[in-house]
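The following report describes one protein chain, shown below with its sequence and coordinates.

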Amino acid sequence: MKKLSLTIVAIVCISFVACKKDRVCTCTESGISDKTTLIKVTKRQANANCVSTSYDNGNGTISKNDCVLSK
């Protein structure tokens, strides 16, 4: 019984450990792609840092920067 309890606790602990690895964020603006490598981050951290944006250029046009996290 004690062995089973320890095994279950070990499995639960391992499931909460985040897998950190290098991830690539590709952003495209006006047909030009730019890749950024995020070093040793979790998927949650990578999603938080790979963000699409849009902004007004000041001359009435809006620029979009579409970013996608590579799988």
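## The pairing of β3 with β4

Tyr55 has Ser63 of β4 as its bridge partner. In this predicted model, the next residue of interest on that border is Asp56, whose bridge partner in β4 is Ile62. Both bridges belong to a border at which β3 and β4, the latter spanning residues 62–69, pair in the antiparallel sense over four bridges.

The two strands form a hairpin with five residues between them. Within the turn, Gly58 has a positive phi of about 95°.

## Ile62 and the two faces of β4

Ile62 lies in strand β4. Leaving aside residues up to four places away in sequence, Ile62 touches Ser54, Tyr55 and Asp56. One of these, Asp56, is also the bridge partner of Ile62. Is Ile62 buried or exposed? Its relative accessible area is 61%, and Ile62 is therefore classed as exposed, the cut-off being over 50%.

In a regular strand, side chains alternate between the two faces of the sheet. Strand β4 shows such an alternation: the side chains of Ser63, Asn65, Cys67 and Leu69 point to one face and are buried. Those of Ile62, Lys64, Asp66 and Val68 point to the other face and are not buried. Two residues of the buried set also appear as bridge partners: Ser63 is paired with Tyr55, and Leu69 with Cys25.

## The four-stranded sheet

In what order do the strands of the open sheet lie? The order is β2-β1-β4-β3, and the pairing is antiparallel. The edge strands are β2, residues 32–41, and β3, residues 53–56, each of which pairs on one side only. On average, neighbouring strands of the sheet are turned by 20° against each other, direction ignored.

Strands β1 and β4 run antiparallel and are joined by four bridges. On this border, Cys25 has Leu69 of β4 as its bridge partner. The antiparallel pairing of β1 with β2 extends over eight bridges. An example of a residue with a bridge partner in β2 is Arg23, which is matched with Leu38.

## Positive phi outside glycine

Most residues other than glycine have a negative phi. Ser30 departs from this pattern, with a positive phi near 55°. Ser30 is located in the loop between β1, residues 21–29, and β2, and the hairpin of these strands has two residues between them. Because its relative accessibility is 69%, Ser30 counts as exposed.

Lys40 also has a positive phi, near 45°. Lys40 is placed within strand β2, whereas Ser30 is in a loop. With a relative accessible area of 61%, Lys40 is exposed.

## A nonpolar surface patch

Which residues form the nonpolar patch on the surface? The patch consists of Met1, Leu4 and Ile8, and together these residues have about 370 Å² of accessible area.

Ile8 belongs to helix α1, which covers residues 2–16. The relative accessibility of Ile8 is 47%, so Ile8 counts as partly exposed; this class lies between the limits of 20% for buried and 50% for exposed residues.

## The chain as a whole

The protein chain has two helices and four strands. Along the sequence, these elements follow the pattern α-β-β-α-β-β. Of the 71 residues in the chain, 18% count as buried.

The accessible surface of the chain comes to about 6000 Å², and carbon and sulfur atoms account for 59% of it. Among contacts between residues at least 6 apart in sequence, 31% join residues at least 24 apart.

Note on methods
Residues are numbered from 1 along each chain as its sequence is written. This is a predicted model: local features need pLDDT of at least 70, side-chain atom pairs count only at pLDDT 80 or more; totals for chains, interfaces and linings use all residues. Side-chain values use heavy atoms; hydrogens and water are left out. Patches are made of residues with over 30% relative accessible area and no salt bridge: like charges are joined within 9 Å, nonpolar side chains (Val, Leu, Ile, Met, Phe, Trp, Tyr) within 5 Å. Accessible areas come from the Shrake-Rupley method with a 1.4 Å probe; for residues, only the protein chains shown count as cover. A salt bridge is a side-chain nitrogen of Lys or Arg within 4 Å of a carboxyl oxygen of Asp or Glu. Buried means under 20% relative accessible area, exposed over 50%, partly exposed in between (1.4 Å probe, protein chains only). Two strands pair if DSSP finds at least two bridges between them. Axes are lines fitted to C-alpha atoms, for helices over the stretch in contact, and angles run from 0 to 180 degrees between N-to-C directions. Contact means heavy atoms within 4.5 Å.
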